[in-house]
Amino acid sequence: MNNNWLRLSLFAICWWGSVAFAPSTSVSKRISTSSSTSLYGVRSAVRRARDSLLSKDRTDKDLKDGIAFFYDRSSKLWEDVWGEHMHHGYYIPEDRTDHVQAQIDLIDEVLKWAEVDDKNPPKSVVDVGCGIGGSSRHIAKKYDCKAQGITLSPYQANRGNELAKEQGVSDKASFQVADALNMPFDDSSFDLVWSLESGEHMPDKTKFVNELMRVAAPGGRVIIVTWCHRDLELGEPSLSKKEEKILAKINRAYYLPKWCSVDDYCKLLEKEGAVDIKREDWSYIIAPFWKAVIKSSLNLKSVVGLLKSGFSTIRGAYAMLLMLKGFDAGVIKFGLITCTKKMEKKEE
């Protein structure tokens, strides 16, 4: 099964779902003027469809509301198909097929790469953009530490707490609705600040990095794993128009703000006084996951779940195709960045 066939199949599902959710003329005629609620629902569906294709840059509030709604609707489907980890997998060797274990391995390999010490493990962790809490619970179990996760999605926060209780770690892992750009934590609260595939959702990358560094304890470690655009070459003022067009389409389909590069993140961390900054491109390591996700969406259970989840989830599936296109074109990169917060100087 080649990539082109997979893309065509998923595109057909997305197109069919969009048609199914769009109001037909006959349906519109049956809506009486007194049925304001139904009429609003139809207009809302049309507006969302138009918005995904035609809208320009969204406001920060639109982005936050949109992504919260998307994850409220799509997280159950993801868990039903893929389980509790809402992120990519670690594909070394690249032909591995144990996809759930590959997702768990990604967490462990990132921690190893970032030199999180098993002999001196973190005692307190914050998972910024936690999904339904898979990483938080895994890290809490691995290091026997406290983990707190934040997400914009009420569904994800509630589900994260349910799973923590089911797995017997509710005393170690907890989840709440909160904004990563204004976290409800005191300064210097965490030994480990963890952000796995959430940075791409942040409309203000400067504020995002500032918050990560603020809540990190002196000597604490910050780990950012995120989708970025490629670094610009020396003397290159910007991405090409073709590259910008691909990213703009993804933004419209998936409630994302403007992208930045790994190099941009490193510069922001330097301004915050971070030390021991390290970076790496793991695009090739996670590449097989794209094909696996698209293939998994083609079975009957996934198709039915996709259609039940509604238009925003269908649009998210379409965004996956665009992400794959950008990845193949070399404009989208899977970047790892880590650093430590400088120790405070002791007064003599």
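This passage describes the overall make-up of a predicted protein model, followed by its cores, two of its helices and its aromatic pairs.

The predicted model has a mean pLDDT of 83, and 76% of the residues reach 70 or more. Confidence is below 50 over residues 5-42, a stretch that nevertheless has 40 contacts in the model beyond near neighbours in sequence. The protein contains 14 helices and 7 strands. Of its 348 residues, 51% are buried. The accessible surface amounts to about 17500 Å², with carbon and sulfur atoms contributing 53% of it. When contacts between residues at least 6 apart in sequence are considered, 79% join residues at least 24 apart.

In soluble globular proteins, nonpolar side chains tend to be buried together. In this model, the largest nonpolar core comprises 52 residues. Within this core, the residues with the most contacts are Leu 111, Trp 194, Ile 223, Trp 227, Ile 250 and Trp 282. Apart from this core lies another, of 29 residues, which includes Met 202, Leu 212, Val 262 and Ala 274. The surroundings of Trp 282 were examined further: with residues up to four places away in sequence not counted, Trp 282 touches Tyr 90, Leu 106, Glu 109, Val 110, Trp 113, Phe 334 and Leu 336.

Ile 250, listed above for its contacts in the largest core, is among the buried residues of helix 9. This helix covers residues 241-254, a total of 14 residues. From its first C-alpha to its last it reaches 20 Å, close to the 20 Å expected at 1.5 Å a residue. Besides Ile 250, the buried positions of helix 9 are Glu 243, Ile 246, Leu 247, Asn 251, Ala 253 and Tyr 254. Just after the helix, Tyr 255 adopts a positive phi of about 50°.

Trp 194, also listed for its contacts in the largest core, is one of the contacts of Ser 135. Ser 135 belongs to helix 6, which runs over residues 134-143. The relative accessible area of Ser 135 is 6%, so this residue counts as buried, the cut-off being under 20%. Leaving aside neighbours within four places in sequence, the contacts of Ser 135 are with His 85, His 87, Ile 107, Asp 127, Trp 194 and Leu 196. Met 86 is 49 residues from Ser 135 in sequence, and the C-alpha atoms of these two residues are 8.8 Å apart in space.

A search of the whole structure identified 11 aromatic pairs. The ring centres of Trp 78 and Trp 82 are 5.8 Å apart and their planes lie at 20°, so this pair is stacked. Both residues are in helix 4 (residues 60-82), where, being 4 residues apart, they are separated by about one helical turn. Trp 82 is buried, with a relative accessible area of 7%. Another pair, Phe 208 and Tyr 265, has ring centres 6.5 Å apart and planes at 75°, and is therefore edge-to-face. Phe 208 lies in helix 8 (residues 205-215) and Tyr 265 in helix 10 (residues 262-271), so the pair ties together parts that are 57 residues apart in sequence. Phe 208 is buried, with a relative accessible area of 0%, and Tyr 265 likewise counts as buried at 0% relative accessibility. Finally, ring pairs link Trp 78 and Trp 82 with Tyr 91 and Phe 289 into a cluster.

Technical notes:
Residues numbered from 1 in each chain as written. Predicted model: local features only at pLDDT ≥ 70, side-chain atom pairs only at ≥ 80, totals over all residues. Heavy atoms only, no water. pLDDT = per-residue confidence, 0-100. Contact = heavy atoms within 4.5 Å. Core = buried A, V, L, I, M, F, W, Y, C linked by side-chain atoms within 4.5 Å. Buried < 20%, exposed > 50% of the residue type's maximum accessible area, 1.4 Å probe, protein only. Helix = DSSP H or I, 4+ residues; strand = E, 2+ residues; numbered from the N terminus. Areas by Shrake-Rupley, 256 points an atom, 1.4 Å probe, with all protein chains shown as cover. Expected span 1.5 Å × (residues − 1). Phe/Tyr/Trp six-rings, centres within 6.5 Å; stacked < 30°, edge-to-face > 60°.
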